[in-house]
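Visitor: Please show me the chain, and then let us go through its helices, charged pairs, core and cysteines one topic at a time.

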Amino acid sequence: MGRITAENTGEKRIVQIGRICFWAGLLLELLIVVVDTSAWTNPFEGQLFRLTFLLFSIKVLCSRFTLREWLWLLFFGVLAGVCYLCSDRDEAVRLVVFCAAFRDVDVKKALKLAFFVTLSGCLVLVFLAASGIFGNMYIIDDGDRGLRYTFGLGHPNACYCLFWALATLGIYLWHEKMKLWHYGLIALAGILLFVPTRSRTGLMFLIFTLALSLFLAYRKKLGERKLLYALGIAALLICVVLSVWIAYYEPYQGPFYTHIDRFITGRITSMNTLQEGGGMLRNWRLFSRPENVKYFDLGYVRLFYWYGIIPGAAYVIMYALLLWECRRRKDPFGFMMLLSYALYTMLEAHFISVYMGRNYALFLMGAYWGGIVGRRRQTGREGKGLCREEEDYLWRFPGRLMRAFRKAA
């Protein structure tokens with residue numbers, strides 16, 4: 001009996017260590033995002049990313065996985081490793097560990113932490129800019145929009161994007177308590193913020209998010225229909241196909257491309273006028289290359305340009321499966337958030353970046369990926385998690401290793 005108690009105590013300590021490392025790593029990731037939003041250039045960013053990677057890795061080693069899940073982690077780890085060797089970008093490796101670290105974590109608590117840390121950080125930056133202490137309140141746009149306010153958040157589009165992303169996250173977290181007037185307040189705030197920022201893309205997606213959320217809130221049967229999730233996946237794939245088509249664009253290719261470019265406010269032109277054509281299709285590789293470092297708006301084009309065709313395709317496939325997983329878990333508002341971010345990514349690359357804490361879709365990816373790749377269908381257990389028979393005997397190998405050292409000593 002004493003031996004069993006000692007083993008259980010050791011396992012609890014390991015689990016507790018993993019949880020502490022996870023929350024410390026997540027908080028640090030979120031603070032890095034807030035600092036990046038400001039006008040200050042963080043000279044320690046690379047070292048901080050290594051620290052968060054270490055913390056999340058410890059959490060993974062202290063977590064419970066089935067044999068099938070370990071194999072999938074190995075697969076994604078190898079894929080990300082090849083991406084790193086070819087492109088010199090370590091975000092893919094960090095993403096795999098970040099998502100794996102969400103095992104046995106309350107994802108809503110993690111998202112609430114992200115909401116309040118990001119919101120508090122943004123409000124501090126707005127105050128510093130408004131008081132003249134740090135940051136710029138506005139810029140002069142080179143286009144036709146003239147004076148546009150940034151409120152200390154870098155760029156008008158970035159400012160509105162943060163508002164919309166946090167509003168979308170807030171709806172996901174508290175939709176059960178929201179009334180119609182709450183949605184009205186968000187819409188009013190969005191209109192008032194549009195006046196100084198003139199971010200047309202952000203306003204368009206805010207309207208889409210509010211409309212879909214209202215449909216799901218007041219037409220609850222809509223969230224149970226397979227057709228809704230199938231249409232969401234189709235919309236994601238259409239955005240990806242259009243992005244590939246746009247990347248094929250060559251200057252002066254035809255009037256239709258010119259109209260598309262004007263409709264998305266010159267995003268194609270701003271990309272292909274970069275040195276060597278930026279993210280144009282001719283610069284894509286299976287696993288990218290170190291030279292592919294240019295920044296531009298189009299999110300899916302940047303995804304394939306930065307990380308390669310194979311890693312980009314793997315991300316899109318997992319994202320599509322994640323949308324369908326929301327149906328299995330009866331999480332229509334999770335679907336709403338994921339779809340909103342997926343459509344926005346076609347025009348803006350806010351969620352395709354080195355910052356894991358900026359993309360809230362990765363939080364759900366971390367929470368749900370086990371159900372996507374590790375689930376085995378079994379009568380009476382549909383939607384209730386993994387089958388017991390799939391358990392990996394090495395699920396807590398750190399604890400077994402510690403006990404082996406004790407016995408050897």
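Visitor: In which helix do Arg-328 and Glu-325 both lie?

Guide: Helices here are DSSP runs of H or I with at least four residues, strands are runs of E with at least two, and both are numbered from the N terminus. Arg-328 and Glu-325 are 3 residues apart, about one turn of the helix, and the element that holds both, spanning residues 309-328, is helix α13.

Visitor: What should I know about how this model was made and read, and what is the mean pLDDT of the chain?

Guide: This is a predicted model, in which local features need pLDDT of at least 70 and side-chain atom pairs count only at pLDDT 80 or more, while totals for chains, interfaces and linings use all residues. Residues are numbered from 1 along each chain as its sequence is written, and side-chain values use heavy atoms, with hydrogens and water left out. With pLDDT being the predictor's confidence in each residue, from 0 to 100, 88% of the residues reach 70 or more, and the mean for the chain is 87.

Visitor: Over which residues is the pLDDT below 50?

Guide: Where pLDDT is low, the predicted coordinates should not be read in detail. That caution applies to a stretch that has 43 contacts in the model beyond near neighbours in sequence, a contact meaning heavy atoms within 4.5 Å. The stretch with pLDDT below 50 is residues 376-399.

Visitor: Which residue meets both Arg-328 and Arg-329 in salt bridges?

Guide: A salt bridge requires a side-chain nitrogen of Lys or Arg within 4 Å of a carboxyl oxygen of Asp or Glu. The side chain of Arg-328 reaches its partner at 2.7 Å, N to O, and that of Arg-329 does so at 2.9 Å. The acidic residue in both pairs is Glu-325.

Visitor: Is Arg-329 buried, partly exposed or exposed?

Guide: Buried means under 20% relative accessible area and exposed over 50%, with partly exposed in between, using a 1.4 Å probe and protein chains only. Its partner Glu-325 is buried, at 3%, and Arg-328 is buried as well. Because its relative accessibility is 32%, Arg-329 counts as partly exposed.

Visitor: What is the N to O distance between Glu-91 and Arg-89?

Guide: Glu-91 is buried, with a relative accessible area of 6%, and Arg-89 also counts as buried, at 11%. The side chains of these two residues meet in a salt bridge, with an N to O distance of 2.9 Å.

Visitor: Which residues have the most contacts inside the largest nonpolar core?

Guide: A nonpolar core is a set of buried Ala, Val, Leu, Ile, Met, Phe, Trp, Tyr and Cys residues joined through side-chain atoms within 4.5 Å. The largest one has 111 residues, and those with the most contacts inside it are Leu-111, Tyr-341 and Phe-363.

Visitor: Which residues are included in the second, separate core?

Guide: This core has 6 residues. Among them are Val-33, Phe-49, Val-354 and Tyr-355.

Visitor: How many disulfides does the structure hold?

Guide: A disulfide is a pair of cysteine sulfur atoms within 2.5 Å. Cys-159 is buried, at 5% relative accessibility, and because its sulfur is 8.0 Å from the closest cysteine sulfur, in Cys-122, that pair is too far apart for a bond. The number of disulfides in the structure is 0.
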